[in-house]
Amino acid sequence: MTKRSLAIYGLIALAAAALDQWVKQLVVANMELHESIEVVPMLSLYHTRNTGIAFSFLSGFSDTAMVVLTGAVMLFIGWLAVRAEHHQHLARTGFALILGGALGNIVDRATLGYVVDYILFHTETWSFAVFNLADAFISVGAAMVVLQEILDWRDRDDPGGKDPSPNA
């Protein structure tokens, strides 16, 4: 990865983390803990705290262990990002979003001991886990990496870019 592309993807990661932190600050400053504000039907802002990762998994771990674990995962994702091929712009952008989201959450964990969550999809009888913008960046980034792999696999399978079937 060139220094220029490293800088671009680094800026994407930093922008994602900064946006996440800004929204979390707005939530903490303007909403009481466990307060819910209906935005549109099926979408609410709901201020809560997550002491674990991904759906409160590992919530019994210490803050230090969670920061170290998240840091190790971030290093691995960074290693994968640097190894991405030049043409893999979707994957590189996806890795940047994953790192930005992880950075946004690790800042919370290191400074607060928990992660601020606030997005809730729900109906009258069902609700999804409460999450935040950093989590959304991580999910979208992971989807971009998977999509890049699918596109690369399709291109490897059809090197001429044409459908090899006789009916094409």
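The following legends describe close-up views of a predicted model.

Local features are given only where pLDDT is at least 70 and side-chain atom pairs only at pLDDT 80 or more, whereas totals for chains, interfaces and linings use all residues. Residues are numbered from 1 along each chain as its sequence is written, and side-chain values use heavy atoms, with hydrogens and water left out.

**View 1. Helix 1 and its cover.** Helices (H or I, at least four residues) and strands (E, at least two) are DSSP runs, numbered from the N terminus. Helix 1 comprises residues 3-30, and its end C-alpha atoms are 40 Å apart, in agreement with the 40 Å expected for 28 residues at 1.5 Å a residue; the expected span is 1.5 Å times one less than the number of residues. Buried residues of this helix include Tyr9, Ala13, Ala16, Val23 and Val27, where buried means under 20% relative accessible area, exposed over 50%, and partly exposed in between (1.4 Å probe, protein chains only). Among the elements covering the buried residues of helix 1 are strand 2, helix 3 (89-112), strand 3 (115-121) and helix 4 (133-157).

**View 2. Glycine 104 against helix 1.** Glycine 104 is found in helix 3 and is buried, with a relative accessible area of 0%. Leaving aside residues up to four places away in sequence, glycine 104 touches Ala17, Asp20, Gln21 and Lys24; contact means heavy atoms within 4.5 Å. These four residues are among the buried residues of helix 1. The C-alpha atoms of glycine 104 and glutamine 21 are separated by 6.1 Å, although the two residues are 83 residues apart along the chain.

**View 3. The hairpin of strands 1 and 2.** Strand 1 (residues 36-40) and strand 2 (residues 43-50) run antiparallel and are joined by four bridges; strands pair if DSSP finds at least two bridges between them. Isoleucine 37 has leucine 45 of strand 2 as its bridge partner. Two residues lie between the strands of this hairpin, and methionine 42 in the turn has a positive phi of about 80°.

**View 4. Histidine 34 in the preceding loop.** Histidine 34 is found in the loop between helix 1 and strand 1. Its phi is near 70°, a positive value in a residue other than glycine. Most residues other than glycine have a negative phi. Histidine 34 is partly exposed, with a relative accessible area of 47%.

**View 5. Tryptophan 153 at the surface.** Tryptophan 153 is found in helix 4 and counts as exposed, at 55% relative accessibility.
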